Amino acid sequence: MSSSSAIAPPAKVTVIGLGNMGRPMAACMTRAGYQVTGFDLSNAARAKFTQEGGYAAATVDEAIAGAAAIVTLLPDGKIVRAAIEGIKTKLAKGTVVIDMSSSAPLGTRALGEELIAAGLEFIDAPVSGGVKRAIDGTLAIMAGGAHATIDRADQILLAMGKSVFRTGPLGSGHAAKALNNYVSAAGLAAAAEALAIGSKFGIEPDTLVDVLNASTGRNNSTENKLKQFMISETYASGFALALMAKDIQTADELAHQIGVTAPLADEITAMWNAALQQLGPTSDHTEIGRYLTAKK
Ligand code: NAD
């Protein structure tokens, strides 16, 4: 395949990271006709992927052999760097590496430049929409990097998402993603605080959510998280509180790194980090409601 051609089915795509997002996103690519091989360090994640009908390689070397593209869905950019550094000399020139994790933008820019200098292609293409939209293949995707590389990866991305926003140079997808999650986390925390205040005053939580959803306080969390995961106390959104805290911290650090004053981001970052400290690394991000209610 010429390094400038689009990567179309049935090309081989390797997915590294078979967690809550990686598994359904890999399944979308399989449905689109790609030959998908998964890899995860966790035996349990590989077994779950296999049970769901996917193919998980036993070693990363087997997973990447002959791949036209490598998609990473890992917890953060440092883990992505470690995973890619372990395989980069084994990838054919022109292989497209697509980091779909929510990584820190400046680290992404540095990693991408190194990979491109080594003859690989690289874009950041993080996603928004959660597990439900990962299953449906309707994620929002924000892609940073060279247009020619995004063109090559376009069919792969559209197998998982309904829209691909070209956000600018390397790292800009990750910046847009972190900023999105900062706004989302601030909206969720505000809604959860409103529920805690309202219920202490005697307003039924379900009633207050109905009011918000019919009024100007409506946001994604009031529509899709408050009743579903917080009032029901199931806390099963599939998005860890640790990952949300990381994303907000990434947005806040970016502000500081580039000299933008962002006092609300500072405050929201501190709030989510305190919640993480109290609730622990296995908690779901919707448990921020439990944390705020306990404080009332
Ligand atoms: P997850 O914790 O469910 O999955 C991550 C997987 O990576 C785990 O199975 C883990 O074993 C594996 N892993 C860790 N280090 C590895 C390595 N070196 N090599 C191979 N596998 C390794 O996380 P997730 O919810 O799937 O999220 C993945 C990424 O997508 C994160 O960056 C997250 O912030 C982002 N994201 C998540 C959601 C969501 O709703 N869950 C939504 C949008 C974006």
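The exercises below, each with a worked solution, concern a predicted model.

**Exercise 1. Strand β3 and its neighbours**

Task: Find which strands pair with β3, in what sense, and through how many bridges.

Solution:
- Step 1. Begin with β1, which covers residues 12–16. Between β1 and β3 there are 4 bridges, and the pairing is parallel. Within this pairing, valine 15 has valine 71 of β3 as its bridge partner.
- Step 2. Turn to β4, residues 96–99. β4 is joined to β3 by 4 bridges, and these two strands also run parallel. Here threonine 72 is placed opposite aspartate 99 of β4.
- Step 3. Follow the chain from β3 to β4. The path leads through helix α4, residues 77–85, and this β-α-β crossover is right-handed.

**Exercise 2. The two faces of β3**

Task: Decide whether the residues on each side of β3 are buried or exposed.

Solution:
- Step 1. Sort the residues of β3 (69–72) by side: Ala69 and Val71 belong to one, Ile70 and Thr72 to the other.
- Step 2. Apply the cut-off: a residue is buried if its relative accessible area is under 20%. Ala69, Ile70, Val71 and Thr72 are all buried.
- Step 3. Conclude that both faces of β3 are covered.

**Exercise 3. The nonpolar cores**

Task: Describe the largest nonpolar core and state which element gives the largest share of it.

Solution:
- Step 1. Recall the background: in soluble globular proteins, nonpolar side chains tend to be buried together.
- Step 2. Take the size. The largest nonpolar core holds 35 residues, and Met25, Met29, Ile98, Met100 and Ile156 have the most contacts inside it.
- Step 3. List the elements that give two or more residues to this core: β1, α1 (22–31), α2 (43–51), β3, β4, β7 (139–144) and α7 (147–160). The largest share, 6 residues, is from α7.
- Step 4. Look at one member, methionine 100. Leaving out residues up to four places away in sequence, methionine 100 touches, among others, Met25, Val71, Thr72, Ile141 and Leu157.
- Step 5. Note a second, separate core of 31 residues, including Ala186, Ala191, Leu212 and Ile248.

**Exercise 4. The contact between the domains**

Task: Locate the two domains and describe the area buried between domain 1 and domain 2.

Solution:
- Step 1. By the domain assignment, domain 1 spans 12–170 and domain 2 spans 175–295. Their C-alpha centres are 27 Å apart.
- Step 2. Count the residues in contact: 14 residues from domain 1 and 12 residues from domain 2.
- Step 3. Take the area. About 940 Å² is buried between domain 1 and domain 2, and carbon and sulfur atoms give 65% of that.
- Step 4. Find the main contributors in domain 1. Ser102, Pro105 and Leu106 account for 41% of the area that domain 1 buries against domain 2, more than any other three residues.

Definitions and conventions: Residues are numbered from 1 along each chain as its sequence is written. This is a predicted model: local features need pLDDT of at least 70, side-chain atom pairs count only at pLDDT 80 or more; totals for chains, interfaces and linings use all residues. Side-chain values use heavy atoms; hydrogens and water are left out. Buried means under 20% relative accessible area, exposed over 50%, partly exposed in between (1.4 Å probe, protein chains only). Two strands pair if DSSP finds at least two bridges between them. A crossover is right-handed if, with the strands pointing away from the viewer, the path from the first strand over the helix to the second runs clockwise. A nonpolar core is a set of buried Ala, Val, Leu, Ile, Met, Phe, Trp, Tyr and Cys residues joined through side-chain atoms within 4.5 Å. Contact means heavy atoms within 4.5 Å. Domain bounds come from an automatic or database domain assignment. Buried area is the accessible area (1.4 Å probe) that two parts lose on being put together, summed over both.
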